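Colleague: I would like to learn how to read a model like this one, feature by feature. Could you take me through it slowly?

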Amino acid sequence: MLTIAQKAQILSKAGLGVGLPQENAPLAEWEHRVEEGYVVYTAARAARSLREAESARQAEMLRRMAWSNAAL
């Protein structure tokens with residue numbers, strides 16, 4: 001399981017940084033922002049992966065159909 005700091009670092013590398021905890025704000029608020037951002041980030045990555053897999057599946061199906069029709 002990733003720590004809050006690791007999740008914040010991943011978000012930062014992805015260009016979705018949540019910044020550093022503010023001195024005058026409770027640490028729990030920053031941790032909550034990191035957790036929410038990480039959930040959104042991972043959901044978006046999963047959705048993109050599913051779209052890419054479906055696109056690849058459809059492209060392969062079209063290639064097979066094209067080859068089977070060419071043989072007729």
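Colleague: Which residues of helix H1 are buried?

Modeller: In this predicted model, helix H1 runs over residues 4-13, and its buried residues are Ile4, Lys7, Ala8 and Leu11. These residues lie on the same side of H1, because they cover an arc of only 100° around the axis. On the other side of H1, Ala5 and Lys13 are exposed. Part of what covers the buried residues of H1 is helix H2, which spans 27-70.

Colleague: Lysine 7 lies in helix H1; why does lysine 7 count as buried?

Modeller: The cut-off for buried is a relative accessible area under 20%. Lysine 7 has a relative accessible area of 8%, and therefore counts as buried. If we set aside the neighbours within four places in sequence, the contacts of lysine 7 are Leu2, Val34, Glu35 and Tyr38.

Colleague: And what happens just after H1?

Modeller: There the backbone is the thing to look at, since glycine 15 just after H1 takes a positive phi of about 80°. A little further along, glycine 17 is 10 residues from lysine 7 in sequence, while the C-alpha atoms of these two residues are 9.7 Å apart in space.

Colleague: How should I read the overall form of the protein chain, and what secondary structure does it have?

Modeller: Begin with the count of elements, which for the protein chain is two helices and zero strands. The radius of gyration is 21 Å, whereas the globule rule gives 11 Å for 72 residues, so the protein chain is more spread out than a compact globule. The box filled by the C-alpha atoms, taken along the principal axes, agrees in giving roughly 75 × 15 × 15 Å. Of the 72 residues, 11% are buried, and the accessible surface comes to about 5,900 Å², with 60% of that surface belonging to carbon and sulfur atoms.

Colleague: How many salt bridges does the structure hold, and how do I read one of them?

Modeller: The structure holds five salt bridges, and for each one it helps to ask for the distance, the spacing in sequence and the exposure of the partners. One of them joins the side chains of glutamate 52 and arginine 48, at 4.0 Å from N to O. Both residues lie in helix H2, four residues apart, which is about one turn of the helix, and arginine 48 is partly exposed, with a relative accessible area of 42%.

Colleague: Which residues are linked in a network of salt bridges?

Modeller: The network links Glu60, Arg63 and Arg64. Glutamate 60 meets arginine 63 in a salt bridge at 3.2 Å, N to O, and these two are separated by about one helical turn because they stand three residues apart in helix H2. Glutamate 60 also forms a salt bridge with arginine 64, where the closest N and O atoms are 3.0 Å apart, and here the partners are four residues apart in helix H2. As for exposure, glutamate 60 is partly exposed at 31% relative accessibility and arginine 63 is partly exposed at 44%, whereas arginine 64 counts as exposed at 59%.

Colleague: Finally, which residues make the nonpolar surface patch?

Modeller: Met61, Leu62 and Met65 make a nonpolar surface patch of about 290 Å². Methionine 61 lies in helix H2 and counts as partly exposed, its relative accessibility being 39%.

Key:
Residues numbered from 1 in each chain as written. Predicted model: local features only at pLDDT ≥ 70, side-chain atom pairs only at ≥ 80, totals over all residues. Heavy atoms only, no water. Buried < 20%, exposed > 50% of the residue type's maximum accessible area, 1.4 Å probe, protein only. Arc of directions from axis to C-beta. Contact = heavy atoms within 4.5 Å. Patch = residues over 30% accessible without salt bridge, like charges linked within 9 Å, V, L, I, M, F, W, Y side chains within 5 Å. Areas by Shrake-Rupley, 256 points an atom, 1.4 Å probe, with all protein chains shown as cover. Rg over C-alpha atoms; globule rule 2.2 N^0.38 Å.
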